Amino acid sequence: MQQAPSSSLEQLSEDELTARLEPDLLPKHVAVIMDGNGRWAELRGLPRIAGHREGINSVRTMITHCRDLGIGALTIYAFSKENWNRPALEITALMGLLEYFLSTERDSLIRQGVRFRAVGQVDSLPAAARRWARTTEEETAHCDKLTLTVALSYGGRAEIVEAARALMKDAAAGTIQPEQIDEALFQQYLSTHPVPDPDLLIRTSGESRISNFLLWQLAYTELYFTPTLWPDFRRREFLLALLEYQRRERRFGRVLSTVSS
């Protein structure tokens, strides 16, 4: 859980916050649940889609700063399976924004060395959005500075079920024996493979749940919840999250230190 940044950090400039980062303690993989776009728009008397448009700027910020800091992987929750229950007009607008982002940012991703990957039930997307996603995957496949994974029509439980089905098919075909199945093998069947599990999960807008996102992968991830709405989550808020992450002692079930009696 997040511990609120101290008042001393809040008073520092972005450059001063950056100077406090310790490169060896930065996460290698950051995942983000981008929440609060609709509320951001409603607070300003704007249609909800305006918040989603502004949220794209926060995505650009995260991509740039992850790359600049040497963070190798960024995974964002763009559209969940449950989001199909939203009003049809909003879904159409969101799919249009996805196409817009991929069509306008593809060249920038390539210049920055950012590899794009789409995970989830991508085949359920409208044809144009699906084509843009697959084309962008192909054209950025050679990039190696940052892996940007975008979860589209994604659900963590569905991902685990699909992985189990694929594993069972291979077992039925005789290419895998039951005694070979362990956590490492199962993980190879997940859509995020071979990207390592996230070290840090950020969720914006004040909600404190993971909403069916990366259920397997988040087993030992540090969780950071902030009241900041996603369109307002920019460089400063990201730096505060990273500084909080640096304070955590990651034990993975081990005891790293003991207190003598």
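In this predicted model, G120 occupies the loop that runs between strand β3 (114-119) and helix α6 (127-139). With a relative accessibility of 30%, G120 counts as partly exposed. When its neighbours within four places in sequence are set aside, the contacts of G120 are L152, S153, Y154 and S191. Between G120 and F225, which lie 105 residues apart along the chain, the C-alpha atoms are separated by 24 Å.

A second loop, between β5 (200-203) and β6, holds N212. The side chain of N212 reaches the backbone nitrogen of R157 at a distance of 3.0 Å. Apart from its neighbours within four places in sequence, N212 is in contact with Y77, E82, Y154, G155, G156 and R157. Y154 is thus listed among the contacts of G120 and also among those of N212.

The loop between β5 and β6 also contains S205 and L214. For S205, phi is near 85 degrees, a positive value in a residue other than glycine. L214 likewise is a residue other than glycine with a positive phi, in this case near 50 degrees. S205 has a relative accessible area of 9% and is therefore buried, the cut-off being under 20%. L214, at 2% relative accessibility, also counts as buried. In the loop between α8 and β5 lies P194. The peptide bond that leads from H193 to P194 is cis, with omega near 10 degrees.

Two helices were examined individually. Helix α7 (residues 156-172) comprises 17 residues, and the distance from its first C-alpha to its last is 24 Å, close to the 24 Å expected at 1.5 Å a residue. Its buried residues are G156, A158, E159, A163 and L167. The elements that cover these buried residues include β4 (146-154) and α8 (183-187). After α7 comes G174, with a positive phi near 85 degrees.

Helix α9 has 13 residues and spans 19 Å from its first C-alpha to its last, which is close to the 18 Å expected at 1.5 Å a residue. Because 10 of the 13 residues of α9 are buried, this helix is largely enclosed by the rest of the structure. The buried residues are R236, F238, L239, L240, A241, L242, L243, E244, Y245 and Q246.

Charged side chains were considered next. Side chains of opposite charge can pair when their charged atoms come close. The structure holds 18 salt bridges. One of them joins R247 to E244, with the closest N and O atoms 2.8 Å apart. Both residues belong to helix α9, where a spacing of 3 residues separates them by about one helical turn. The two partners differ in their surroundings: R247 is exposed, with a relative accessible area of 55%, whereas E244 is buried, with a relative accessible area of 4%. Elsewhere, salt bridges that share partners join D35, R39, R203, E207 and R209 into one network.

Within that network, the side chains of R39 and D35 meet in a salt bridge at 3.4 Å, N to O. R39 is partly exposed, its relative accessible area being 32%, while D35 counts as buried at 17% relative accessibility. A further salt bridge is formed by E222 and R248, whose closest N and O atoms are 2.8 Å apart. E222 lies in strand β6 (residues 222-225) and R248 in the segment after α9 (235-247), so this pair ties together parts that are 26 residues apart in sequence. Both E222 and R248 are buried.

Finally, the pockets of the model were analysed. The largest pocket contains about 760 Å³ of space. It is lined by 32 residues, of which M34, N37, Y77, A78 and F79 are the closest to its centre. Several elements contribute to this lining: α3 (37-43), α4 (48-69), β2 (73-80), α5 (88-112) and β4 each supply at least two residues. Y77, one of the residues closest to the pocket centre, is also in contact with N212. Strand β4, which supplies part of the pocket lining, is also among the elements covering the buried residues of α7.

Notes. Residues are numbered from 1 along each chain as its sequence is written. This is a predicted model: local features need pLDDT of at least 70, side-chain atom pairs count only at pLDDT 80 or more; totals for chains, interfaces and linings use all residues. Side-chain values use heavy atoms; hydrogens and water are left out. A salt bridge is a side-chain nitrogen of Lys or Arg within 4 Å of a carboxyl oxygen of Asp or Glu. Buried means under 20% relative accessible area, exposed over 50%, partly exposed in between (1.4 Å probe, protein chains only). Helices (H or I, at least four residues) and strands (E, at least two) are DSSP runs, numbered from the N terminus. The expected span of a helix is 1.5 Å times one less than its number of residues. Contact means heavy atoms within 4.5 Å. A polar contact is a pair of N or O atoms within 3.5 Å; within protein, one must be able to donate a hydrogen and the other to accept it, and residues adjacent in sequence count only if both atoms are side-chain atoms. On a 1 Å grid over the protein atoms alone, a cavity is a set of points where a 1.4 Å probe fits but cannot get out, and a pocket is an open set with protein on both sides within 12 Å along at least five of seven lines; lining residues have an atom within 4 Å of a point. Grid points are joined across faces, edges and corners, and a volume is the space filled by probe spheres set on the points.
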